[in-house]
Amino acid sequence: MEVTTEKDVNTSRGENVVERTELLGYLFKLLVPQPKESMVVTYATLQVLISLSRNCEVKYCTRMLPLLSESLLSQCLSRDWCLTSLSLVTSVLTPLIRHQGIVKRLCSQSGECILLKIYQGLLFRPEDVSVHDYQQVHLQIVSFVNNLLSNNDASILFFHPESECHCNIELIKCLVLMLDKVVSSMVQVSYDTLLKDLQNRQSLVLLRQSVFLLATLCLNDRLFVEHRIEVEHQYVNVISSVTRLYQRITGLISEAEVLAVQDLVDFEHIDGIDWSQESEDEIDETTEGMDVDE
């Protein structure tokens, strides 16, 4: 009878760790194709990485660090700027931001910053793609940023006044411009249509989560006014239009969202905006309650 010692067990575990690390290394090599190669393998590799990141324990998330330290995900987006790549890359990162080591490496302080490219995806509206499809990706990006902000270590990414990277400025600019497009298409839509039409319902979910994110950035970024100066006109239009829209749909939104909009109005001291109606909905202080029930 063969006796298994503790040393044998530790050796076996060590070999398994090495084997798993080598397999990850092979996946990383498949991520960035050569200039004339198809993206099919890259997409399949990203799908595998999504599954791994969703199912791995938090302590093992750092094994995915080469995706950031070697700019592999950033190179994927540079090589193939499309909704599919944006969605897959964001899906890989979302479960990984549970680990502070991943969060701290998201911004590379360079032109290859993965956050910069993801934020720019908020303005990506291909003409050959339906509004529903690109808004799905926009909603995914907004949800990713909201989740990131819930991490205690994320403040250095969003509110560091000495950062040399412009990703935090890009986030505010792209968010405002995207919101301006969304709310402009909804201000004349009736209450019933918002509930019955699938596209308008998705737009409303995107709008609500994005406004909540904008309010969070406004209240926590000491340089917020400077950071949104490029989109001043659109920003004022967003606040005014969202206020009018929310007054019409108070039964759909939470008290927390009402307060978030009021904070934006108060912060800017915008004349002519008066919130006179109270929400009839229950208080929900998180973005989890921002889905419109079917």
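The following dialogue discusses how to read several features of this predicted model.

Me: What is the secondary structure content of the chain, and what share of its residues counts as buried?

Reply: The predicted chain contains 15 helices and zero strands. Of its 294 residues, 48% are classed as buried. The accessible surface amounts to about 15300 Å², and carbon and sulfur atoms contribute 49% of that area.

Me: What share of the contacts with a separation of 6 or more joins residues 24 or more positions apart?

Reply: Such pairs make up 78% of the contacts in the chain that have a separation of 6 or more.

Me: How should the packing of two helices be read, and what are the values for H2 and H5?

Reply: In general, a packed pair of helices is described by two quantities, the angle between the axes and the distance between them. In this structure, helix H2 (residues 40–55) packs with helix H5 (residues 83–96) at an angle of about 20°, and their axes are 8 Å apart. Angles under 35 degrees count as roughly parallel, and H2 and H5 are therefore roughly parallel to each other. Their crossing is left-handed.

Me: Which residues form the contact of H2 with H5?

Reply: From H2, the participants are Tyr43, Leu46, Gln47, Leu49, Ile50, Ser53 and Arg54. They meet Thr84, Ser85, Leu88, Val89, Ser91, Val92, Pro95 and Leu96 in H5. Sorted by class, this contact has nine nonpolar, five polar and one charged residues.

Me: Why are H10 and H14 described as oblique to each other?

Reply: Helix H10 (residues 167–184) and helix H14 (residues 232–248) pack at an angle of about 40°, with a distance of 9 Å between their axes. An angle under 35 degrees would count as roughly parallel, and the roughly perpendicular range is 65 to 115. The pair H10 and H14 is therefore oblique. The crossing of H10 and H14 is left-handed.

Me: Which residues meet where H10 packs with H14?

Reply: Val176, Leu177, Leu179, Asp180, Val183 and Ser184 belong to H10, while H14 supplies Gln234, Tyr235, Asn237, Val238, Ser241 and Val242. The residues of this contact divide into seven nonpolar, four polar and one charged.

Me: How is a positive phi to be read, and where does Ser71 lie?

Reply: As a general rule, most residues other than glycine have a negative phi. Ser71 is not a glycine, yet its phi is positive, at about 55°. Ser71 is located in the loop between helix H3 (66–69) and helix H4 (72–79). The limit for buried is under 20% relative accessible area, so Ser71, at 18%, counts as buried.

Me: What is the phi of Gln109, and is Gln109 buried or partly exposed?

Reply: Gln109 has a positive phi near 55° and is likewise a residue other than glycine. Gln109 is found in the loop between helix H6 (100–105) and helix H7 (114–120). With a relative accessible area of 39%, Gln109 is partly exposed.

Me: Where is Cys165, and which residues is Cys165 in contact with beyond its neighbours within four places in sequence?

Reply: Cys165 occupies the loop between helix H9 (155–158) and H10. Its relative accessible area is 5%, so Cys165 is buried. Leaving aside neighbours within four places in sequence, Cys165 is in contact with Cys107, Gln109, Ser110 and Cys113. Cys113 and Cys165 are 52 residues apart along the chain, and their C-alpha atoms are separated by 8.0 Å.

Note on methods:
Residues numbered from 1 in each chain as written. Predicted model: local features only at pLDDT ≥ 70, side-chain atom pairs only at ≥ 80, totals over all residues. Heavy atoms only, no water. Axes fitted to C-alpha atoms, helices over the stretch in contact; angles between N-to-C directions. Parallel < 35°, antiparallel > 145°, perpendicular 65-115°, else oblique. Left-handed = near helix turned anticlockwise from the far one by under 90°. Contact = heavy atoms within 4.5 Å. Nonpolar A, V, L, I, M, F, W, Y, C, P; charged D, E, K, R; others polar. Buried < 20%, exposed > 50% of the residue type's maximum accessible area, 1.4 Å probe, protein only. Areas by Shrake-Rupley, 256 points an atom, 1.4 Å probe, with all protein chains shown as cover.
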